[in-house]
Amino acid sequence: THGLNLWMYLIGKHIFEQFGLFTHSNENTFTLSNATEEDIKRRNPHLAGKKFSKAREDMPFMLINSALGKGTKTNGNSVTFPDPIPFTTTPLYVGSPFAEYKLPIGGAFVEPFA
């Protein structure tokens, strides 16, 4: 898990920290509102002490589209991503609604804290 922890730290430090969404000593996750946080904690009692960031009520529903892909070196240091897999992140779900790739990936969502 060292690679995963490094990835989470780097993303947190260089992207989320500037918005007050990351501290190395206290990992947190996010959800839509106090009501969804309460629902998550009711279904997952082990998260009782976990800190959740929430979407601002005065902002539009957050919808982040991204892609995952395995980089392939072509010549020298050039890297291409031949088959990126799109996924969507929101305060309520993360995943890919499509399962039409060369890999058996997609067609499912999970809650962001999962």
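## Exercises on T90, the sheet and N34

In this predicted model, the side chain of T90 comes to 3.0 Å from the backbone nitrogen of L92.

**Exercise 1.** Determine where T90 lies, whether T90 is buried or exposed, and which residues distant in sequence T90 is in contact with.

*Solution.* Begin with the chain: T90 is found in the loop that joins strand 6 to strand 7. Next take the accessibility, where the cut-off for a buried residue is under 20% relative accessible area; T90 has a value of 0% and is therefore buried. Finally, once the neighbours within four places in sequence are set aside, the contacts of T90 are F30, F61, M62, L63 and P112.

**Exercise 2.** Work out how the strands on either side of this loop pair, and place them in their sheet.

*Solution.* Strand 6, residues 85–89, and strand 7, residues 94–96, pair in the antiparallel sense over two bridges, and T89 has V94 in strand 7 as its bridge partner. Extending the view, four strands make up an open sheet in the order 3-6-7-8, with antiparallel pairing. The edges are strand 3 (64–68) and strand 8 (108–110), each of which pairs on one side only, and from one strand to the next the twist averages 25°.

**Exercise 3.** Classify N34 by its accessibility, and state how far its C-alpha atom is from that of K54.

*Solution.* N34 belongs to helix 2, which covers residues 34–43. Because its relative accessibility is 48%, N34 counts as partly exposed, given that exposed would require over 50%. Although N34 and K54 are 20 residues apart along the chain, their C-alpha atoms are separated by 7.4 Å.

Conventions: Residues are numbered from 1 along each chain as its sequence is written. This is a predicted model: local features need pLDDT of at least 70, side-chain atom pairs count only at pLDDT 80 or more; totals for chains, interfaces and linings use all residues. Side-chain values use heavy atoms; hydrogens and water are left out. Two strands pair if DSSP finds at least two bridges between them. Axes are lines fitted to C-alpha atoms, for helices over the stretch in contact, and angles run from 0 to 180 degrees between N-to-C directions. Buried means under 20% relative accessible area, exposed over 50%, partly exposed in between (1.4 Å probe, protein chains only). A polar contact is a pair of N or O atoms within 3.5 Å; within protein, one must be able to donate a hydrogen and the other to accept it, and residues adjacent in sequence count only if both atoms are side-chain atoms. Contact means heavy atoms within 4.5 Å.
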